[in-house]
Amino acid sequence: MRTATPGRIEIALSGSIASFPLDTRFSVPAKGVAAIFGPPGCGKTAVARCIAGLERLPAGFCAIDGEVWQDKTTFRPPHLRPIGYVSQEASLFPHLSVRRNLLYGAPKPKPTPIAFDEVLELLDLAPLLDRSPSHLSGGERQRVAMGRALLSQPRLLVMDEPLGALDSCAKREILPFVERLPEKLALPMIYIGRDMAEIERFADHLVMMERGMVTAAGPLHVLQTDPALPLAASREAAISLDGVVSGYDGRYGLLILRLKGARLLVPAPPLAPGVHQRLRIAACDVSVAREAPRAGSILNVFPARIRACLPLGAAEITLVLALGTGGSGTEILARITRFSFDSLGLKDGVDVFAQLKHVSLLSASEPPLQTIPASTPTADPGDRQATPRRETRSSAREASGIFLSLHSCGATHVT
Amino acid sequence: MDGFSPEIWQSLGLTIELASVTTVILLIVGTPLAWWLARSKSLWTEAVATMIALPLVLPPTVLSFYLLALLGPNGPVGLLASLWGGRTLAFTFAGLVVGSVLSALPLVVQPIRNTFAAMGDRPLEIAATLRASPLYAFFTVALPLARPGLLTAAVLGFAHTIGTFGVVLMIGGNIPGRTKVLSAFLFDFVQESRWREASWLAGAMLMFAVAVVLALTLIDKYSRRRST
């Protein structure tokens with residue numbers, strides 16, 4: 001019998017759900033955000049449903065932080081799994097107010113690790129409390145669904161494309177809240193998405209899926225720079241990393257961030273030393289030079305070694321660079337033309353200078369000085385339900401339809 | 001109205017009592033039945049649904065005939081009744097309730113079943129991910145969401161029982177004070193050519209039917225507005 005490892009989320013699913021074959025195995029730390037990424041129809045949602053216990057594959061294994069939820073002999077029904085589940089539609093209960101939706105899954109004894117007021121503040125829900133779900137926008141509904149899932153005091157949050165059904169405007173509205181969750185709550189989270197731009201902002205681990213199978217799994221940054229995977233070779237290639245704040249140059253307003261093999265200067269508001277700041281470096285913002293530029297406006301220039309060269313179309317090449325002298329540091333990506341590649345005589349193992357034209361700081365709008373201490377127990381929301389309303393409506397219509405037909409029928413037969 | 005004898009007021013009370021008892025039983029029996037019909041994937045559902053729907057197409061006399069055979073002193077239920085001292089259910093109020101429940105069952109089960117089916121799995125799945133046991137989810141999510149269907153079903157069941165006639169005559173036996181309900185009274189008035197009383201009673205029952213249909217329309221409209 002397979003045993004569960006504390007500190008890991010271990011999933012092994014094989015079989016088929018509605019004739020869709022699934023053979024998915026992965027293990028990620030039960031800490032931080034693990035993103036499951038793949039094209040539509042690759043079985044991501046099926047995986048989420050299996051973890052929640054909403055689908056049952058006979059040959060499945062599911063263990064969360066040392067606790068077996070499913071194996072050959074065990075199957076915990078969904079209501080006995082401490083999970084917070086948020087899906088694409090918010091699926092709020094239409095017959096309950098926002099407040100009662102939020103409290104639906106909250107345990108009755110009062111002192112809970114994830115407090116009601118904390119969730120209200122985190123998701124800015126206070127103004128919505130006494131409204132009916134039918135009077136909320138899509139983004140608001142999704143926030144309520146997240147709050148409701150968090151208040152059920154989960155030990156794992158599963159978010160299945162929580163932004164999938166939202167328009168880009170609502171997405172922009174809600175993304176900061178999603179980003180804030182992992183930062184504020186020490187709750188492991190599985191985030192399912194098909195938009196790398198979202199995942200890059202807050203995921204720590206990545207599981208890539210295709211046609212029901214896992215094609216790669218590992219720390220996000222490692223997969224982003226893996227020459228064998230499609231991420232590094234894509235046009236939107238970028239790396240995301242957590243840098244550590246090591247100082248601030250107040251005269252010029254530059255934040256100093258330390259990475260392995262580099263010390264970045266980024267124009268930004270000050271942050272407390274030691275704070276971890278998520279940053280993103282796009283391949284197209286990095287260029288290379290054979291010699292150290294003597295005078296230039298680019299602040300962040302570091303020695304680096306070429307680790308791999310990936311052709312991108314006919315005219316461009318994406319380089320995987322390891323920062324630091326001798327290439328012992330963090331790996332980043334650089335996009336250059338094939339012309340420059342040939343004229344500079346570049347190839348694997350060549351030492352160059354990487355010039356970082358732009359480094360974006362993610363979720364920098366949130367002053368991290370206010371970060372809730374890590375001692376706050378974890379929790380995460382995740383639920384959504386927008387459809388029951390629509391469903392109720394159609395059911396009412398159908399019921400009345402049947403009434404008319406049956407009524408005339410009944411009347412005939414009574415007389 | 002002075003032409004109405006005390007018997008007719010007694011009959012009105014009896015009619016309302018019959019309809020109320022029948023409606024309560026219909027909801028208690030019909031709701032779990034509709035739930036099972038809407039959610040079970042068993043092949044039996046269609047067989048059971050057919051059985052339940054039969055009273056819609058069967059002449060009430062046929063239904064009553066079989067019920068009499070079942071409930072009468074020599075029928076299986078009659079024999080069973082004799083165990084607790086009863087002699088028969090035929091020509092009793094209890095027998096009338098059984099007949100009314102069976103003949104109104106399809107009218108009650110259908111709207112509830114449709115509501116449950118239209119609700120889909122999602123609300124219950126969401127409830128389950130919020131630690132709601134299936135029973136708790138049924139009472140806190142499924143039933144409240146099915147309220148329009150339940151209301152429709154209750155009104156239909158009540159109104160149908162008020163108007164029931166064939167079953168009354170066959171099973172009830174039209175015994176004043178025990179099984180003689182309004183529709184049977186109307187029949188007697190017409191038989192005896194008491195047109196004035198007959199038209200009063202028929203008019204009252206017509207108004208009642210109009211009120212029922214209006215109520216159903218309003219329920220439907222209200223629940224739709226709530227859901228938008």
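**A first walk through chains A and B**

Just past helix α4 of chain A, Q153(A) adopts a positive phi of about 55°. That is one small detail of a predicted model, and the helix before it makes a handy place to start. Helix α4(A) runs over residues 138-151, and its 14 residues should span 20 Å at 1.5 Å a residue. The end C-alpha atoms are indeed 20 Å apart, so expectation and model agree. As for its surroundings, 14 of the 14 residues of α4(A) are buried, so the helix is largely enclosed by the rest of the structure.

On the other side of α4(A) in the sequence sits the loop that links it to α3 (116-123), and D130(A) belongs to that loop. Here the setting changes: D130(A) has 9 other C-beta atoms within 10 Å and is exposed, because a residue counts as exposed with 12 or fewer such neighbours. D130(A) still has company from elsewhere in the chain. Leaving aside residues up to four places away in sequence, D130(A) touches S97(A), V98(A) and R99(A). L96(A) is 34 residues away from D130(A) in sequence, yet their C-alpha atoms are 9.7 Å apart.

Stepping back to chain A as a whole, its secondary structure adds up to 9 helices and 20 strands. Of its 415 residues, 46% count as buried. Among contacts in chain A with a separation of 6 or more, 70% are between residues 24 or more positions apart.

Some of those strands can be followed one by one. Strand β9 (residues 205-210) and strand β10 (residues 213-219) of chain A pair antiparallel, with 6 bridges between them. One of these matches V207(A) with A217(A) in β10(A). The two strands make a hairpin with 2 residues in between, and R211(A) in the turn has a positive phi of about 45°.

Further along chain A, 5 strands build an open sheet with antiparallel pairing, in the order β15-β19-β16-β17-β18. At its edges stand β15 (286-289) and β18 (331-337); each has a single partner strand, so one side of each is left without a neighbour in the sheet. From one strand to the next, the twist averages 45°. The partner of β18(A) is β17(A), residues 316-323, and 7 bridges hold this antiparallel pair together. Within it, V320(A) has L333(A) of β18(A) as its bridge partner. As a rule, side chains in a regular strand alternate between the two faces of the sheet.

Chain B is built from helices: there are 11 of them, and 0 strands. Reading along the sequence therefore gives one α after another, α-α-α-α-α-α-α-α-α-α-α. The C-alpha atoms of chain B fill a box of roughly 65 × 45 × 30 Å along the principal axes. Of the 228 residues in chain B, 44% count as buried. Residues 24 or more positions apart supply 71% of the contacts in chain B with a separation of 6 or more.

For chain B there is also a record to set beside the model. The unreviewed UniProt entry carries the annotation "transmembrane region" for residues 12-36, 48-69, 89-109, 150-172 and 198-219. Two of these spans are described here. Residues 12-36 of chain B are 100% helix and 0% strand, with end C-alpha atoms 36 Å apart. Residues 89-109 of chain B are 81% helix and 0% strand, and their end C-alpha atoms lie 25 Å apart.

Terms used: Residues are numbered from 1 along each chain as its sequence is written. Chains are lettered from A and ligands numbered from 1 in the order in which they are written. This is a predicted model: local features need pLDDT of at least 70, side-chain atom pairs count only at pLDDT 80 or more; totals for chains, interfaces and linings use all residues. Two strands pair if DSSP finds at least two bridges between them. Helices (H or I, at least four residues) and strands (E, at least two) are DSSP runs, numbered from the N terminus. Axes are lines fitted to C-alpha atoms, for helices over the stretch in contact, and angles run from 0 to 180 degrees between N-to-C directions. UniProt positions are given in the numbering used here, feature names are shortened, and annotations may be inferred rather than shown by experiment. The expected span of a helix is 1.5 Å times one less than its number of residues. A residue is buried if 20 or more other C-beta atoms lie within 10 Å of its own, exposed if 12 or fewer, and partly exposed in between; C-beta atoms are placed from the backbone. Two residues are in contact if their C-beta atoms, placed from the backbone, lie within 7 Å.
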